[in-house]
Amino acid sequence: QQVGVNPESFQTFIDVLKMDKSNDKVVSQLTEPYQFTIKNITREIGDVEDWKSLGMNLKLDRTKLSEIEHDCHGVDAECRQAMVEFWVNSDTSASWKRLAAALEGISHHVKAQEVRELARKEKPYRFTIKNITREIGDVEDWKSLGMNLKLD
C-alpha cells in the first residue's frame, strides 16, 4: 500500500528521526543530496540571483512573487527559500526536471545541466508500509518516535 506524503510531513519524519543519534544512518539514506527536498532545491539554486524570473519560469504568479519579496523584505536568500517552499507545496508536478527547464528559461544552462544530473540520480522514495518499516527498523526507541509523530 502506497501512502502519499507532502514534503513538510517528510521533513517532520526526518526531524523526529534526527532526535536520536542512533538513527543517523537511516536519516542519511533518506536525505541523499539528490532527494527532491526544499533544502536541496534551495541549495542548488543558491547562486541564481534572479529568483523572481526563475519563479515566473516555474509558472508562479507574479503577484505571489511580489508578496514573497515583500514578506522577506527583499532579502534574496530568504526570497529564494520562500519561493521554493511555495512552488514545492503548491505545484504537484514540481520536480528536478521542471526546475532544470526553468533554469534554462533564464539562461542558467550550466546549473540546468547540474540539476538534470540530479534528476537522473533521484530515486523516488515510495512511502509504503514496507519501506517505512525497513527504514525505521534500526530505531531503538520506537515509542518516542511514535509519540513525536503524534501517534496516540
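In the predicted model, Arg80 touches Ile45, Gly46, Val48, Glu49 and Trp51, leaving aside residues up to four places away in sequence. Arg80 itself is part of helix 6. The side chain of Arg80 also takes part in a short polar approach: one of its polar atoms lies 2.9 Å from the backbone oxygen of Val48. Asp50 is 30 residues from Arg80 in sequence, and the two C-alpha atoms are 8.9 Å apart in space. With a relative accessibility of 10%, Arg80 counts as buried, because the limit for a buried residue is under 20%.

The protein as a whole is built from ten helices and has zero strands. Its pattern along the sequence is accordingly written α-α-α-α-α-α-α-α-α-α. The protein has 152 residues, of which 37% count as buried. Among the contacts with a separation of 6 or more, 63% are accounted for by residues 24 or more positions apart.

Helix 6 spans residues 76-90, and helix 5 covers residues 62-71. Two packed helices are described by the angle between their axes and the distance between the axes. For helix 5 and helix 6, the angle is about 140° and the axes are 9 Å apart. The two helices are therefore oblique to each other, because an angle has to be over 145 degrees to count as roughly antiparallel. The crossing of helix 5 past helix 6 is right-handed. On the side of helix 5, the residues that meet helix 6 are Lys64, Leu65, Ile68 and Glu69. Their counterparts in helix 6 are Cys79, Ala82, Met83 and Phe86.

At the N-terminal end of helix 5, Asp61 acts as a cap. A side-chain oxygen of Asp61 lies 3.1 Å from the backbone nitrogen of Thr63. Helix 5 is followed by His73, whose phi is positive, near 55°. This positive value occurs in a residue other than glycine. His73 is placed in the loop between helix 5 and helix 6. The relative accessible area of His73 is 70%, so His73 is exposed.

The cysteines were examined next. A search of the whole structure finds zero disulfides. Cys72 is in no disulfide, and the nearest cysteine sulfur, that of Cys79, is 4.5 Å away. Cys79 is likewise in no disulfide, with the sulfur of Cys72 as the nearest cysteine sulfur at 4.5 Å. The pair does not count as a disulfide because the sulfur atoms would have to be within 2.5 Å. Cys72 is buried, with a relative accessible area of 10%. Cys79 is buried too, with a relative accessible area of 0%. Cys79 is also one of the helix 6 residues that meet helix 5.

After helix 6, the chain enters a loop that contains Asp91 and leads to helix 7, which spans residues 96-105. The side chain of Asp91 makes a polar contact with the side chain of Ser93, at 2.7 Å. Not counting residues up to four places away in sequence, Asp91 touches Leu58 and Arg98. Although Asp91 lies in a loop, its relative accessible area is 16%, so Asp91 is buried.

Helix 7 packs against helix 8, which covers residues 109-121. The angle between these two helices is about 170°, and their axes are 8 Å apart. Helix 7 and helix 8 are therefore roughly antiparallel to each other, because angles over 145 degrees fall in that class. From helix 7, the residues in the contact are Trp96, Lys97, Leu99, Ala100, Leu103 and Glu104. They meet His109, Lys111, Ala112, Val115, Arg116, Leu118 and Ala119 in helix 8.

The loop between helix 7 and helix 8 contains Ser107. Ser107 is not a glycine, yet it has a positive phi of about 65°. At 53% relative accessibility, Ser107 counts as exposed, because the limit for an exposed residue is over 50%.

Note on methods: Residues numbered from 1 in each chain as written. Predicted model: local features only at pLDDT ≥ 70, side-chain atom pairs only at ≥ 80, totals over all residues. Heavy atoms only, no water. Buried < 20%, exposed > 50% of the residue type's maximum accessible area, 1.4 Å probe, protein only. Helix = DSSP H or I, 4+ residues; strand = E, 2+ residues; numbered from the N terminus. Polar contact = N/O pair within 3.5 Å; in protein donor to acceptor, adjacent residues only side chain to side chain. Contact = heavy atoms within 4.5 Å. Axes fitted to C-alpha atoms, helices over the stretch in contact; angles between N-to-C directions. Parallel < 35°, antiparallel > 145°, perpendicular 65-115°, else oblique. Left-handed = near helix turned anticlockwise from the far one by under 90°.
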